[in-house]
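Reader: I am new to this structure and would like a close look at a single part of it, taken slowly and in a connected way. Please explain each term when it comes up.

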Amino acid sequence: MAGALGNKLFCAAIDFGTTYSGYAFSSKDDYTKEPTKINTNIWSGSKLLSLKAPTAVLLDSSQEFVAFGYEAENKYSELVADEEHEEYYYFHRFKMLLHERRITRDIKIKDELDKEMEALKVFQYAIQFLKDHLFKSISDKIKGIQENDLHYVLTVPAIWEDSAKQFMREAATRAGIKSGQLSIALEPEAASIYCQHLKTDRQGDAKEKNAFAQTIKAGMKYMVVDLGGGTADITVHQRYGDGSLKEVVPASGGPWGGKSIDEAFHSFLKRICGPKVMEELRKTELEDFIDLFREFETKKRSIRVDQTNKVVVTLPVALIDLVKSHRGKMETALEQSPYGQAVSYSKQKLHISPDTFRDLFKSTTEALIKHLERMFRDDKLSDLENLIMVGGFSECELIQHRMKEKFGKHKKIIIPEEAGLAVLKGAVLYGHQPKAISARVLRRTYGIQSWPEWDPQMHPESKKVNLGGVNRCKDVFFKYVQVGQQVETGHEESQVFQALKPDERTLECTIYVSTDPNPRYVTDPSCQRLGNLIIPLPEIRAGQTLEIEETMVFGDTELLVRARDLHTGRVVETQFDLL
């Protein structure tokens, strides 16, 4: 199975985030001696000291790669200033596409100027840049290192569908990572593995080497809340005596990451300056627009729960000039906005009352709290005592305070050091120990379309079809596993199929998923087509039957499929296309 480190010298992880991306790596030798000795990269190009770079990609008019990260932001800003940007393609914060829409291989993505392009190519360029930068970082330190000496791990949210995971794998292989050298890690799982090695949390509750084991003992359950740039991704694990982890309930979450706070700030500015002004600033003075949100990022990270002094945000001169041309003076625009009492303007600066600034977080925070409250009503979580917060957004004091205020009486809230790097570093550890998660809980019911012999007592007349002289019922959902079921990694479910027509050259099997534990037909409203399994068939003589055993493997981070010819025992090459 793709995923074991095997004889590779290094494990390298790429954390492809909504707002920021980065990489980390460690050698097999270092992992054996000191698992947490993991190398990261420091990215320059911003006022913020950053161990990740913005997820931004700049391409030329031929859709060829120009730059990534801070360099892409800065170059595109220069092009906008010189009015040379219209021939270029600029994409940023585009990962949420895979959460918000049904994914196909040819899905399109819009750039900053609404020009469309193949999304797979954009993701490929981003992964390729990070892979090449990572490899150069290692090869600068160790001469003679080869691409084949690395095993790569790519992170994805646990709440993503199977098709989105396959999309990322395909983008990575197009970016030059061999499929056999690539594992997909689920972000909160990676963070959970990282926490196994914690020496202390930021409250300094325990300084022993096995602090995590002292807090969360064998048999105990704990929740990981991964608050990234785009999504909140939540898993619950139970720790076992051998150190392995089993998932307790299906992974869940929603669009409650740091990006939603940026959107709230953008809406706040639109109410003061006007939507047209903000759009014009973005399209004509992009460097100022980016700098404004970089400054907001520092304020977002530093706002305190008990802060009484106003939050001061410096406005770009270009924005003030645009407000003058559209709305008159900035003071007038403020008076006409809903924030006349809470916000003042002086010498190019907005002075925002701390309550108004904190309100920008409210809807996101409360949506997360409501979701967690629903989760805690599940009987399986009645004995859960520990909640671990990871991800860049979890470093915000406001969200920490709200979580402790709501759940702190009955749960211990743990925020590890380097919470923002827990997923990235945990993904490296996952590459070294891919069996750390020994069981997962399924988020969907999986099955196939089957054609049993028609039974008038069971099947409706509308489903009756005649195949090869036999009346059969079409569209029957043959269930393999069901939503909420805990399965060990490598859990296999098999079904034997007969080629119904002697002239068939391929056996096509459609895989379906459902939110219902017991769907009857693949046409039920709860069902949707996941993808097609295509099995090439050998020639058979008339009257001869061909039986194929099709096996689906559950419990890993990706769905695996294989097929076997029962007559010859040969494992048949299968193609499983979810896109």
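Author: The buried residues of helix H5 are Asp162, Ser163, Ala164, Lys165, Gln166, Phe167, Met168, Arg169, Glu170, Ala171 and Ala172, where buried means under 20% relative accessible area, exposed means over 50%, and partly exposed lies in between, with a 1.4 Å probe and protein chains only. With eleven of its 13 residues buried, H5 is mostly covered. This is a predicted model, in which local features need pLDDT of at least 70 and side-chain atom pairs count only at pLDDT 80 or more, while totals for chains, interfaces and linings use all residues. Residues are numbered from 1 along each chain as its sequence is written, and side-chain values use heavy atoms, with hydrogens and water left out.

H5 covers residues 162-174, and at 1.5 Å a residue its 13 residues should span 18 Å, which agrees with the 18 Å between its end C-alpha atoms; the expected span is 1.5 Å times one less than the number of residues. Helices (H or I, at least four residues) and strands (E, at least two) are DSSP runs, numbered from the N terminus. After H5 comes Gly176, which has a positive phi near 105°.

From this helix one can turn to a sheet further along the chain. Strands S16, S18 and S17, in that order, form an open sheet with antiparallel pairing, two strands being paired if DSSP finds at least two bridges between them. Its edges are S16 (311-314) and S17 (343-346), each of which pairs on one side only. On average, and with direction ignored, neighbouring strands of this sheet are turned by 25° against each other; such axes are lines fitted to C-alpha atoms, for helices over the stretch in contact, and angles run from 0 to 180 degrees between N-to-C directions.

S16 and S18 (residues 349-352) run antiparallel and are joined by four bridges, with Val312 standing opposite His351 in S18. S17 and S18 also pair in the antiparallel sense over four bridges, and here Ser344 stands opposite His351. The hairpin of S17 and S18 has two residues between the strands, and in it Lys347 takes a positive phi near 50°. Along S17 the side chains alternate, in that Val343 and Tyr345 point to one face and are buried, whereas Ser344 and Ser346 point to the other face and are not. Helix H8 (residues 258-273) lies across S16, S17 and S18, and runs at about 110° to S18; contact here means heavy atoms within 4.5 Å.

The aromatic side chains add a further layer to the picture. A search of the whole structure finds 22 aromatic pairs, and rings of Phe, Tyr and Trp (its six-membered ring) pair if their centres lie within 6.5 Å, with planes under 30 degrees apart counted as stacked, over 60 as edge-to-face and the rest as tilted. In one of these pairs, the ring centres of Phe296 and Phe357 are 5.7 Å apart and the planes stand at 55°, so the pair is tilted. Phe296 in helix H10 (residues 286-302) and Phe357 in helix H13 (residues 354-359) are 61 residues apart, and the pair thus links distant parts of the chain. Phe296 is buried, with a relative accessible area of 0%, and Phe357 is buried with a relative accessible area of 0%. Ring pairs link both of them into a cluster with Phe265, Phe268, Phe289, Phe293, Tyr339 and Phe361.
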